[in-house]
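Please open the model in your viewer and keep the selection panel at hand. The tour goes from one selection to the next and says what is found at each stop.

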Amino acid sequence: MPGLGTSFGRGGATTNQQDLANSDCIVIMGSNMAENHPVGFQWVMEARERGAEVIHVDPRFTRTSAVATRHVGIRAGSDIVFLGGIVNYILTNEKWFDDYVRRYTNAPVIVHEEFVDAEDNGGLFSGWDSDRRKYDVTTWQYAGVEVHGAAGQREQGFKGSHVKGHAAHGAHGGGMSSGNPPERDETLQHPRCIFQILKRHYARYTAEVVAETCGCSVAEFEAVAETLCRNSGRDRTSAFAYAVGWTQHTVGVQYIRTASIVQLLLGNIGRPGGGIMALRGHASIQGSTDIPTLYDILPGYLEMPHTERYDGLDDYIDRSSAERGWWGNAGSYMVSLLKAWWGSAATPDNDFAFGYLPRIDDDHSVYWTVEQMLAGTVKGYIIAGENPAVGSANGKAQRLALAKLDWLVVRDLVEIESASFWSDGPEIESGELRTEEIATEVFFLPAASHVEKEGSFTNTQRLLQWHFKAVEPKEDCRSELWFYYHLGRKIRERLAGSTDPRDRPILDLTWEYPTSGVLQEPSAEAVLAEINGSDSDGKPLGSYKELKPDGSTSCGCWIYCGVYTDGVNQAARRKPRWEQAPVAPEWGWAWPANRRLIYNRASADPNGKPWSERKRYVWWDGRKKKWIGDDVPDFDEQKPPDYTPDGDAKGPDAISGSHPFIMQADGLGWIYVPQGLEDGPLPTHYEPHESPFRNRLYEQQSNPARQTTDLAEDPYSPPGSPVYPYVVTTYRLTEHHTAGGMTRFLDYLAELQPAMFVEVHPGLARERDLRHGDWATIVSPRAAIEARVLVTERMRPLHVDGRTVHQVGLPYHWGTRGRTTGDAANDLAHMALDSNVHIQEVKALTCDIRPGRRPRGAALPKFVRDLRERAGAR
Amino acid sequence: MSTASYGAEAKPRVGFFTDTTVCIGCKACEVACKEWNLIPSGGLEWTGESYDNTSQLDANTWRHVAFIEQPKPLRVDADGADPPDGQPEPLRWLMESDVCKHCTHAGCLDACPTGALFRTEFGTVVVQEDVCNGCGYCVPACPFGVIDRRDLPRSPQDAPLALPLLGTKEDGRVWKCTLCYDRLKGGHEPACAKACPTDSIQFGELDELRERAQKRLAKLEGEGWNGARLYGDDPGDGVGGFGAFFLLLDEPEVYGLPPDPVVPTRHLARLWRTTALAAAGLLAGVALAFAGGAE
Amino acid sequence: MKALPLLRDWPLVRQLAEGDALGLGKAAQSQRSKQLKPRIATADSVTPSICPYCAVGCAQLAYVKDGKVIQIEGDPASPISRGRLCPKGAASKSLHDGPAREYAVKYRRPYGTEWEDLSLDDAMDMIVDRIVRTRDAHWQDATPDGNPARRTLAIGNLGGATLDNEENYLMKKLLSALGIVQVENQARI
Amino acid sequence: MTTASYYGRNIVKQPVWKSEIPLYFWTGGIAGASAVLHGLARLRGNEALAKRALFVGAVADVASPLLLVKDLGRPERFLNMFRMFKVTSPMSVGSWILLASGGASSTAAALELLGILAPVRRAAEIVSFAAGPPLATYTGALVANTSIPVWSEARDQLPWLFGASATATAGAAAAVVTPVQFAGPARRAAVAGAVAEGLVMREMRRRLGFVGEVYDQGAAGRHARIARACTTLGAGLLALAGRRPAPAKTGGLLMLGGGLALRFAVFRAGFQSARDPRYTVVPQKERLRARESG
């Protein structure tokens, strides 16, 4: 979540779903909330019933649009132009929340004199290294701030990061390098102050440019901008809600950044009814970022050590902690994590076993791993509760990669395509793979369902909620907790007595968890207690503020510290809503510190008074000398509004009493991000990796820092190719879930959406001779799939660059197995990625569509290849 | 309709108010209904009729969400013009969760010869699966085409047929929404209403629901909702008012609902008279035949 | 005398006796209907749970009888979901006990054309073998240019978004200790 | 005429009944009218006709319940038909009538054959005589008391139509089995019934308006045409040449066929009328408009 992380300090939704009901205007963009988060959507409907505007900006007219007060159709992949247009509208019409912007954001800060904006450089910022396709971010820094490390060494991204505050992942607060505080111009007039740079950067994002690039009308755009501004300020607040419609682009992180800028300018962050609601699609996707199943971070967004840096722990801590803000305590978080993992084996003398950690030096993300499988260097793979053969971009590459493995373990409730690719995958049918030639050894292990195990999910609003075990899993079904615990136990038994230093970490690992029952199920609560952390006497800690860098505390994930306060499972709290205030602090437990609406210091003015009665939330009580309100203050409770740190204050003490963003080194909301992002300090419009259009704003066509592969299995269509003239976007339906493993196999859901279909406008149907109800073949440079044709006015054609562009809509739930089967939309997608988080671009691709079913057998790959060659796609 | 026969056991009449202006077409009602009532799954036919693949209420679908795509604005300002701000050609997507109307005067209930269908103490209309013999008379009797006979292969564990010779291989009974009679008896609200994410399906005492609906309609009219109207809230209508009524945004037939449903038995007295006359006529006719001589 | 109660139970008689002449109400009610109870009223226990699909985090209640889940529905106490569920959440009992659910380990040997049976214990031991073997065969103490690495790049792990935090924690902890860095999640955000 | 609908889907459901039902309408009609024919023949001392009408009626009466049970979704539960007596349900009322009529006529027939228990037989005959007319006509009420437009809109004609057809077919049946010299009343009844049937049918079509067009279409149309042809031809033969055995038999059989075809015409018309939402929507809209305009 670098988009939110670099802007505000934490990589999580700034608000909660219930609070949307307090909004005066909700902009849903990059999300189809009514369809994919129906129950959360009740709060949006509540807001609408109270008179709030609900604006849906989306390429399609969906079930969300149907109940919104306004829908604006835009071309998939043009969101930054639309949002940039709003920034421009705010600035040119002087609609920004002046006090908020001056006091709570970095708008007044002056930037390095060598900084060159993309505006003046054809779409590239200063510091672009075209050989390595990476930015040197030296010139992006604040003026007067000494940059750590020589520019030459400064690298971000795949080579890890030198930048303080975990900028590499950037999933949370940006640090600030040592040196003088940055220069500021409180009048916001200095030509190099961020406010002026912002003005210049978005000056060309006019309503007309928005209309021509996004395909909406000027009036539609201005209505949205006007409505949003009208509903922001002291008395009113507006919220944004987004999902993977924003993230799944080669410039996805910058979509979210643009919205962050809008919300900072309008003063909508940290206030009730405001914020940015990140809507996640899986039960614990937020949790699997907090306690990461991600290669480049450790629990709590601590950076994974890098091969080329960090001589030892001190060096790591020095480089990865910020001098100001809460990242100043990174050392305490890291040491406590090492103690949680290696206990008594982690001592001051051995750097608390820092050396036990493996190191990264490249992109080791899921798509990189797939490339390595195809190259034959990855031999073994474990898949737990995911279905890449259907759910990941370029399904064929995914399946071919699985077929190259020596061994594969798949854990799921049903036999998903990722487990059966060797017997009934599309490549078997097309003859590209032959079962008896696939060497992969496959273990399918049945998993336990959510009512057969206990544990916590972290939902979309950072809320940990415990689910209890109702019944024992049957036969061979086991929880992942059981699997990884007993796997570790057996490996430790196997290696017991080994003297090989490489085995020390696994043998020294703290791996004693109480088990119970005939199945010997480990105690999830014991694991939660370890995550929460304890002091040297084993007493559970109550807050990350208690963590120490001296090894006297242990904590498996510092941001979750407090979830087991007083030895009580706080995530399991279920005090009924009618027995507590609307914020419901006693239902589950939210990180950080059970704060439900974060940065809430910003709900009060610099002097600590609510901006308005209508929007009061957290304020300074002069008599009690503390912050009070409806929620846990996201601020040092005792720190008065007028507190000003002295020059050499460190850590949290260096944050002023009027700076609400306490995870940021300067306590400010970052309109401009000097460090932490791979592809620019300010969001800039780039066309999707595959687009039927040239970038009409800059000569730079697509995100220069985007990742691409050189795989033969992953060819790309050249920009504007007439062979693939249509924009295709993929999405979910209410009736199904992601790759379908949890829904396609269920009778009651399968019957509600019983076939893969493609949505097209009558105009496109005429153009391509598609008949409603018949079949159509959709083809990209990677694959061709077939689907039933649903002709609908909801797929509105757009007028872009003076011509009409049709968009093709594809749900991506189907695969070769289940009660309902069909071709997988993701087979069409490519593996070009966003450079910050390595996420695929499945929301905006190009394709062609033709009437009739796709070729069968060997004719299929030939059909795809012929078109590809005609397009000259590599 | 009356729960009078229950005397002291009678409960206030309950029902549904389905407000289509907040329906998001998620179909939670369809699934929650099937999960609770253990209803067999339907077919896997893709209809291409917008997002509706269940098509209609029948023996195995007791809640059905209709989807209608229209070139009409969702709201109109005072003078009936489309909303301003250069919106493209108007488009709206109506969704409505249909269900048995639990009529005050229920055609199915009146028609049922066995008493399998009956009026519960809650004023709802329920089929008793232990009584129904599948005569099928209620099916054409319903003005809404709700109730239907379930034709399923008998499973081995089904009780053997008393008269195998006349036996059928099918479930053969009629089914429809029971307004979760069993849940009501336990003090729980019906499964569909409980699940509904946006409270489009509201369960409660009918009188209160009707008041709420009136207020709701007034608000929507004030907000210029295009075509907002109540359907089935009028005790004076052909079925004496619905126990489950609706707030629609277009003519009922657009949603597949009859514009002016009338319970067949409204004409029963006259029908019996006609029948009696016809019987007499037959008698007279044959008598006349003998008037011309006995042989 | 036994005939009399039977006669009294005859709805036709009750129709006249109990003042339900039209026979539309109580007289028509069968014994079964009279004694009907909601399934959940017969549950031995009610277990609080959370919906496993999307990240809204709807609270659920799982009703259990004789060691079987007999119903899953929303928990009205939740401040987020207020007892409501979407179609997927409403179907989560089918997810738990649907006909497609797998209950036994399946094994496909290299170049095999069919699944084979395998005990869970054997499967675990074989997986341990594979991990240890692959790790040893592809271990890096240092990178080619001499920097510390302490890892194997030959093993990857995919999963997390659908799992519990505790499960992800053990996964990350164990695999990191083994030197496996490709601990990844398909749904990166 | 185009009317709004939901993807052209039917609003009211088509009946789930199978061909046993129209078949029963036919047998029930024959049984009911035969009882009357038999009773009057007895009164007028036409024993030959009386006996035969009694047997014809008894056979039809015994066939009827079997057909009805066969059509049940749960035949083993046919006794539930007598669980209650519901005046709101023509099927309930009809079941009791059929019970009485069938019981009586079969008893009477049996005793007639055995030639015993004359008083009991006479009592049974009276019951069956009384039950005859309602048995022959209630089936019209049964279909009229539904939401099927072409049936419910014909509620003023259907009992008459079925009564007339019952008379025609019962008369025809008797005419077939009775020596011509004793069959005069039967022939006259048959012809009278046929004439009445024709008149009622015309009236029904007039009242139905466009809803009635289903009687010209599809299966209903075919059956209606067959019915008209057979009944007219048969009645003609009986009327003009009924005193000669061969034409009498032919005419009678034709009319029996015609009566059966008529029931199928009405039956099928119901399905076709339910299938097309126009027949449900248009009349209801007109009704609403009428009400609004005062």
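Begin by selecting strand 6 (residues 238-242) and strand 7 of chain A, which run parallel and are joined by three bridges; as you look at them, bear in mind that this is a predicted model. To find one of the pairings by residue, pick A:Phe240, whose bridge partner in strand 7 of chain A is A:Ile276.

Now add helix 11 (residues 252-265) of chain A, which packs on the sheet and touches both strand 6 and strand 7 of chain A. Its direction makes about 175 degrees with that of strand 6 of chain A. Next select helix 5 (residues 79-92) of chain A, which lies across strand 1 (25-29), strand 2 (53-57), strand 3 and strand 6 of chain A, and runs at about 155 degrees to strand 1 of chain A.

With these elements displayed, widen the selection to the whole sheet of chain A, an open one of five strands in the order 3-2-1-6-7, with parallel pairing. Which strands stand at the edges? They are strand 3 (70-72) and strand 7 (276-278) of chain A, and because each has a single partner strand, one side of each is left without a neighbour in the sheet. From one strand to the next, the twist averages 20 degrees.

Leave chain A here and select chain D together with chain B, whose contact takes 77 residues from chain D and 89 residues from chain B. The area buried between chain D and chain B is about 6800 Å², and carbon and sulfur atoms give 60% of it. Highlight D:Tyr6, D:Lys13 and D:Arg74, which supply 12% of the area that chain D buries against chain B, more than any other three residues.

For the polar side of this contact, zoom in on D:Arg291 and B:Asp260, which form a salt bridge whose closest N and O atoms are 2.5 Å apart. The count between chain D and chain B is six salt bridges, and 38 residue pairs are in polar contact, both residues being at pLDDT 80 or more.

Which helix of chain D gives the most to the side that touches chain B? Select helix 4 of chain D, which gives nine residues; the elements that give two or more residues to that side also include helix 1 (20-43), helix 7 (184-208) and helix 10 (277-292) of chain D. Finally, colour the side of chain D that touches chain B by residue class, and its residues divide into 41 nonpolar, 19 polar and 17 charged.

Conventions. Residues numbered from 1 in each chain as written. Chains lettered and ligands numbered in written order. Predicted model: local features only at pLDDT ≥ 70, side-chain atom pairs only at ≥ 80, totals over all residues. Heavy atoms only, no water. Contact = heavy atoms within 4.5 Å. Buried area = accessible area lost by both parts, 1.4 Å probe. Salt bridge = Lys/Arg side-chain N within 4 Å of Asp/Glu carboxyl O. Polar contact = N/O pair within 3.5 Å; in protein donor to acceptor, adjacent residues only side chain to side chain. Helix = DSSP H or I, 4+ residues; strand = E, 2+ residues; numbered from the N terminus. Nonpolar A, V, L, I, M, F, W, Y, C, P; charged D, E, K, R; others polar. Pairing = 2+ DSSP bridges. Axes fitted to C-alpha atoms, helices over the stretch in contact; angles between N-to-C directions.
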